[in-house]
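This briefing introduces one protein structure to a first-year student. Please keep the sequence and the model in view while reading.

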Amino acid sequence: MQNRFILDRKENILFINFADLRIESREQVDEFARIVREAYRAQGRRLYAIVNYEGTEITPEIIDYYGEVIKELQDRYAIRTVRYSSNGFTRSALRYLGAAKDLESNTYATREEAVRAIQELESRSIADSKATISAMLNPRRSILGKVALVWSALIAVLFVVYFCVTISINDPQQIATIRAATITTMAMLVIAAAMTGAVLFFTLIKPLRRMEAVARRLAVAGVFEPVEAKADTEIDRLARALNEASAELRRDIERLSGLYHISLMIGTGTEVSKICELLTRKTARLLGAEMCVILLYDERDQSIRAQLPAYGIDDEKVRLLRSRLGERSLAAFVFKTGEPYLTNDVTSDSHADNEAARALGVKNVLAVPLQAGERLLGVIDVMNKESGFVEEDRRLVTIFASQAAQILANAQLFKQLIVSERLAAVGELIAGVAHEVRNPLFGITTTLSALSHRLEDREAVRPFIDVVMTEVDRLNHLMEQLLEHSRPARLDEVVDIRGVIEEVLGEFSAQAREKKITVEFHCAESLPGLRLDRRKMHGVFTNLLDNALQHTAPDGCVRVAVEVVENGRAEIEIELSDTGAGIAPENLNRVFDPFFTTRATGTGLGLAIVRKTIHDHGGAIAVRSEVGKGTAFSIHLPVQR
């Protein structure tokens with residue numbers, strides 16, 4: 001890889017050849033950065049980099065990290081990158097990176113054009129900053145030149161006065177006295193001028209030139225080195241003001257860069273894990289914090305759960321960051337209140353989980369809610385800033401959080417849509433197959449029926465015919481379920497969900513009594529009507545209740561609870577739980593898959609149909625289970641206002 005980097009010390013240019021290279025791992029990017037840093041140290045000063053991107057490929061998984069590394073090299077070492085390519089890669093991929101400064105002006109078609117552009121830029125910079133003695137003494141360009149002009153004029157006036165006086169005097173002794181006095185005065189004036197110039201140079205000109213250098217470095221995105229200001233003179237106060245303004249400008253540039261980069265992700269359907277990696281890294285680096293994590297609300301168990309990956313936290317520790325809304329934690333507190341919160345002393349904060357804070361080594365925290373419109377998605381936590389968090393940090397992270405929430409909401413929506421489209425496609429396929437299979441099944445059934453009437457020894461062949469008929473009926477039932485799975489919901493009726501559930505409970509009451517299972521039904525007093533497909537929703541609760549009764553032992557309990565909740569929108573939550581055998585952990589993520597079943601006589605389509613029906617109603621269903629203790633299905637259906 002080293003041979004792709006060539007440092008031209010004379011021109012102060014690092015030539016980087018990425019032509020026809022595929023960049024696909026962080027290790028590659030880290031190696032690039034190491035070589036660039038070594039070149040910077042070898043040169044001992046700021047340098048330019050010219051990169052050839054002809055035929056370069058960067059995998060989507062690594063493009064964000066690549067952009068971050070480029071930006072770090074620019075910020076820390078003032079490495080000005082110029083690019084050339086003719087395949088369109090630069091303007092498409094690198095604009096997405098958000099790492100380039102003024103892409104349109106530092107991207108060229110050929111290497112020669114890039115070199116000429118650098119030479120012109122360098123020559124302008126040198127010409128503008130050249131500090132020759134003639135320039136410093138030029139009254140039109142320098143304060144020092146103006147002061148020198150004043151002193152020169154004063155000495156000239158003194159000389160003219162001396163000349164005029166000596167012309168009018170004839171006494172040699174008086175002339176000698178006047179000459180001595182004039183020479184002494186002129187010597188004192190020269191000394192005073194030199195001292196004035198020195199004081200002016202070291203107390204005014206030199207600091208001003210350092211300030212000018214700072215401003216020039218800022219203009220070319222160079223490294224910011226503050227002007228030294230120890231005293232309390234006007235110049236020192238000006239230097240401190242410039243330092244503060246420069247630091248704030250760099251922070252603003254960093255913020256805008258971060259917001260720009262984040263905004264580019266809106267509407268791209270990026271995966272949640274990729275979004276979390278980008279946001280946590282940018283937020284932590286922007287604030288100078290050690291750790292950052294995004295926690296999202298999990299409807300299945302009403303908890304706040306940390307997302308992988310997080311910045312500065314091991315994955316194993318991230319998995320431990322989870323708390324229910326009723327438990328003590330800053331994330332849960334911020335999610336419930338919907339307001340940002342910061343504390344610079346976690347150990348004494350009444351809202352913090354001290355045990356989790358000790359496990360992670362957390363000293364101070366800034367937590368901001370992630371809210372997209374009226375929907376509250378979760379919380380972003382920034383932790384361990386050396387100087388402590390301030391209100392400005394709260395304001396900045398709130399801005400980032402609003403963008404982040406929209407991106408996360410879009411990602412979840414896209415995922416719900418990589419599911420709707422898949423279910424729709426599967427549904428169409430299933431419907432077609434079911435229709436094609438049912439026709440021959442009908443023919444087989446009719447033929448077997450006719451055959452049984454024509455055979456002379458009916459009793460001898462009846463067992464065989466019964467077996468075939470049973471299997472045909474089973475296939476026919478499977479086809480019915482497949483067709484049910486493929487049929488879209490008809491949401492043209494406003495239905496009282498309580499009535500649907502009570503109807504299903506009534507149908508299973510005899511079975512529950514026979515198994516000595518207690519069935520409890522708890523429902524809010526007032527429920528809004530829902531626009532539902534009554535027949536399909538009846539099938540949902542029939543399937544769930546049948547499963548619950550099948551897997552619950554005698555003297556067990558099945559409980560159905562219905563209530564109205566607010567999760568950024570009004571929803572009806574229905575939870576159906578049992579005290580049955582539970583679901584094995586390895587099967588928990590497969591229960592909604594078509595044809596997955598652990599029952600000998602099951603088709604494995606029941607819960608798949610349930611999930612599709614809930615999804616068609618704009619809702620969500622989740623399951624949680626513990627072996628030996630039972631299972632709970634949680635359904636959320638939106639209330640249309």
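The points below are grouped by topic: a sheet and its helices, the nonpolar cores, the aromatic pairs and the salt bridges. The model is predicted. Five of its strands form an open sheet, and its largest nonpolar core has 38 residues. A search of the whole structure finds seven aromatic pairs, and the structure holds 12 salt bridges.

**The five-stranded sheet and its helices**

- The strands of the open sheet follow the order E15-E17-E18-E20-E19, and their pairing is mixed.
- Strand E15 (518–523) and strand E19 (620–626) are the edge strands, since each of them pairs on one side only.
- On average, neighbouring strands of this sheet are turned by 15° against each other, with direction ignored.
- Strand E20 (residues 630–638) pairs with E19 in the antiparallel sense, over seven bridges.
- Within this part of the sheet, Ser 634 in E20 is the bridge partner of Ala 622.
- Helix H16 (residues 497–514) lies across three strands, namely E15, strand E17 (557–566) and strand E18 (570–578). The helix runs at about 170° to E15.
- Helix H18 (residues 606–616) also packs on the sheet, where it touches E19 and E20. The direction of H18 makes about 140° with that of E19.

**The nonpolar cores**

- In soluble globular proteins, nonpolar side chains tend to be buried together.
- In the largest nonpolar core, with its 38 residues, those with the most contacts inside it are Ile 497, Phe 541, Ile 574 and Ile 635.
- Both helices and strands contribute to this core: H16, strand E16 (530–532), helix H17 (534–551), E17, E18, H18, E19 and E20 each supply at least two of its residues.
- Which residues are in contact with Ile 574, leaving aside its neighbours within four places in sequence? Among them are Ile 497, Ile 501, Phe 541, Val 560, Val 562, Phe 633 and Ile 635.
- Another core, of 29 residues, lies apart from the largest one; Cys 276, Leu 286, Leu 377 and Ala 405 are among its members.

**Aromatic pairs**

- Phe 5 and Phe 18 form an edge-to-face pair, with 6.0 Å from centre to centre and 80° between the planes.
- Phe 5 belongs to strand E1 (residues 5–8), while Phe 18 sits in the loop between strand E2 (13–17) and strand E3 (22–23); the pair therefore ties together parts that are 13 residues apart in sequence.
- Are these two rings buried or exposed? Phe 5 counts as buried because its relative accessibility is 7%, and Phe 18 is buried with a relative accessible area of 3%.
- Phe 592 and Phe 633 form an edge-to-face pair too, at 6.2 Å centre to centre and with 80° between the planes.
- Phe 592 lies in the loop between E18 and H18 and Phe 633 lies in strand E20, so this pair ties together parts that are 41 residues apart in sequence.
- Phe 592 counts as buried at 11% relative accessibility, and Phe 633 counts as buried at 9%.
- Ring pairs also link Phe 5, Phe 18, Phe 32 and Tyr 53 into a cluster.

**Salt bridges**

- Arg 22 and Glu 57 form a salt bridge in which the closest N and O atoms are 2.9 Å apart. This pair links distant parts of the chain, with Arg 22 in strand E3 and Glu 57 in strand E5 (residues 57–58), 35 residues apart.
- Glu 57 counts as partly exposed at 43% relative accessibility, and Arg 22 is partly exposed with a relative accessible area of 41%.
- Arg 22, Glu 24 and Glu 57 are linked in a network of salt bridges.
- A salt bridge joins the side chains of Glu 503 and Arg 534, at 3.0 Å from N to O. Glu 503 is in helix H16 and Arg 534 in helix H17, 31 residues apart.
- Glu 503 counts as partly exposed at 34% relative accessibility, and Arg 534 is partly exposed at 31%.
- Within the sheet strands, the side chains of Arg 559 and Glu 520 meet in a salt bridge of 4.0 Å, N to O. Arg 559 lies in strand E17 and Glu 520 in strand E15, 39 residues apart.
- Arg 559 is partly exposed with a relative accessible area of 32%, and Glu 520 counts as partly exposed at 30%.

Key: Residues are numbered from 1 along each chain as its sequence is written. This is a predicted model: local features need pLDDT of at least 70, side-chain atom pairs count only at pLDDT 80 or more; totals for chains, interfaces and linings use all residues. Side-chain values use heavy atoms; hydrogens and water are left out. Two strands pair if DSSP finds at least two bridges between them. Helices (H or I, at least four residues) and strands (E, at least two) are DSSP runs, numbered from the N terminus. Axes are lines fitted to C-alpha atoms, for helices over the stretch in contact, and angles run from 0 to 180 degrees between N-to-C directions. Contact means heavy atoms within 4.5 Å. Rings of Phe, Tyr and Trp (its six-membered ring) pair if their centres lie within 6.5 Å; planes under 30 degrees apart count as stacked, over 60 as edge-to-face and the rest as tilted. Buried means under 20% relative accessible area, exposed over 50%, partly exposed in between (1.4 Å probe, protein chains only). A nonpolar core is a set of buried Ala, Val, Leu, Ile, Met, Phe, Trp, Tyr and Cys residues joined through side-chain atoms within 4.5 Å.
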